[in-house]
Amino acid sequence: MSAPERIPTGRLSATEPAVEPAGPPPDPADPQDAPTTAPEPATGLSAAFLTEGELTVRGRIQEASNAVLLCTIAYDGHTATCVYKPVAGERPLWDFPDGTLAQREVAAYEVSRACGWDLIPPTVLRDGPYGTGMVQEWIDPPENSDEVPELLALVEGDEPGPDWKAVGHAQLDADRTALLVHADHPRLRRLAVLDAVINNGDRKGGHLLPGAGGRFYAIDHGVTFHADDKLRTLLWGWAGEPLTPEALEVLRGLRAALQDAAELSVRLADLLTDTEIDALRARVAGLLRSGRHPEPSGEWPAIPWPPV
């Protein structure tokens, strides 16, 4: 596909994390300096590994607006890489007065896991060097750049082309516009459904990380689960289209998993408010009733800013 302009995707195409030696968030003893060579990450780390392993802070990811720390985690003789986001390093959000970013990140993983789609890296809530925070498996990009999927682009003209979906026109400068498109990819479509379920208010291009074998994973789910419609995403290409049979089956299973005494509801009760859980159930029910991907409401900006 010809595309003279490309959306910069940050870590989607990067081969090394942008890390600086960690500063104190807020001010315990300084962590160790960032290592010269990062350890190899495990794949599919277990909850026990992430929850019980010994965390060592190695550096701080520079571009993050909240404290995001790169760590090694050691458990049962094995070592892996993970991300640790302490609650102490979060900036308060006026429209999310309840709970924390870390809790919502874990809740998003729990819902993703219940869907069976493996879209979000394993994520837990635990104590760490700077207090309670979210710990998530680090996703290293593949060594071969050919394995990195092209998911987002800006193209000339008004048509997205085969295997792409149009989102809308973007202003490049005073005299130029381009069409924002995303891939018509089944895993990306599953993510669009998940984002509608968790009411993701910040689905940006930089929140999609390439993994091995052409897979990609979604990160940064702190702005989710609001009781009001907050859906902002770059994945509007399926808006108004019928949900796939697979998505409908998953949503029916999720509806059952969200019943009062069900295991998922019990786990979410420690992470979200009752109002947020009720709204989550209502969104699942609404998707099943309509049988379609949601469309922008017009009451909230549909595209996150900045988009990457």
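## Opening question

How much space lies in the largest cavity? About 90 Å³ lies there, and we will come back to its lining below. This is a predicted model, in which local features need pLDDT of at least 70, side-chain atom pairs count only at pLDDT 80 or more, and totals for chains, interfaces and linings use all residues. Residues are numbered from 1 along each chain as its sequence is written, and side-chain values use heavy atoms, with hydrogens and water left out.

## Overall picture

The protein has six helices and eleven strands; these are DSSP runs numbered from the N terminus, with helices (H or I) of at least four residues and strands (E) of at least two. Of its 308 residues, 49% are buried, where buried means under 20% relative accessible area with a 1.4 Å probe and protein chains only.

Contacts here are heavy atoms within 4.5 Å. Among those between residues at least 6 apart in sequence, 69% join residues at least 24 apart.

## Helices H2 and H3

Let us start with helix H2 (101–115). Its 15 residues reach 21 Å from the first C-alpha to the last, close to the 21 Å expected at 1.5 Å a residue; the expected span is 1.5 Å times one less than the number of residues. H2 is mostly covered, with 13 of its 15 residues buried. Just after H2 comes Gly 116, with a positive phi of about 80 degrees.

Helix H3 (residues 186–198) has 13 residues and should span 18 Å; its end C-alpha atoms are 19 Å apart, which agrees. H3 is mostly covered too, with eleven of its 13 residues buried. Among them are Arg 187, Arg 189 and Asp 195, alongside Leu 188, Leu 191 and Val 193. What covers the buried residues of H3 includes helices H2, H4 (245–257) and H6 (274–290), as well as strands E9 (177–183), E10 (208–210) and E11 (216–218). After H3 comes Asn 199, whose phi is positive, near 60 degrees.

## Strands E2, E3 and E4

Strand E3 (residues 69–75) is mostly covered, as five of its seven residues are buried. E3 pairs with strand E2 (residues 54–61) through six bridges, and the two run antiparallel; two strands count as paired if DSSP finds at least two bridges between them. In this pairing, Arg 60 has Leu 69 of E3 as its bridge partner.

E3 also pairs with E4, again in the antiparallel sense, over seven bridges. There, Leu 70 is bridged to Val 83 in E4. E3 and E4 form a hairpin with two residues between them, and Asp 76 in the turn has a positive phi of about 50 degrees.

## Strands E5 and E6, and Val 124

Strand E5 (residues 123–126) and strand E6 (residues 133–137) run antiparallel and are joined by four bridges. Arg 126 stands opposite Gly 133 in E6. Six residues lie between the strands of this hairpin, and Gly 131 takes a positive phi near 95 degrees.

Is Val 124 buried or exposed? Val 124, which sits in strand E5, is buried, with a relative accessible area of 10%. Not counting residues up to four places away in sequence, Val 124 touches Ala 47, Leu 50, Thr 51, Val 106, Gly 133, Met 134 and Val 135. Val 124 and Ala 47 are 77 residues apart in sequence, yet 6.9 Å apart in space, C-alpha to C-alpha.

## Cavities and the largest pocket

Both kinds of space are found on a 1 Å grid over the protein atoms alone: a cavity is a set of points where a 1.4 Å probe fits but cannot get out, a pocket is an open set with protein on both sides within 12 Å along at least five of seven lines, and lining residues have an atom within 4 Å of a point. Grid points are joined across faces, edges and corners, and a volume is the space filled by probe spheres set on the points. The whole structure holds three cavities of 30 Å³ or more. The lining of the largest cavity includes Ala 192, Asp 195, Trp 236, Trp 238 and His 293. This lining divides into seven nonpolar, two polar and one charged residue; Ala, Val, Leu, Ile, Met, Phe, Trp, Tyr, Cys and Pro count as nonpolar, Asp, Glu, Lys and Arg as charged, and the others, Gly among them, as polar.

The largest pocket has about 1000 Å³ of space. Of the 44 residues that line it, the closest to its centre are Ser 65, Asn 66, Asp 202, His 207 and Asp 220. Strand E4 (78–86), H2 and E6 each supply at least two residues of the lining. The pocket lining divides into 22 nonpolar, ten polar and twelve charged residues.

How values were computed. Buried means under 20% relative accessible area, exposed over 50%, partly exposed in between (1.4 Å probe, protein chains only).
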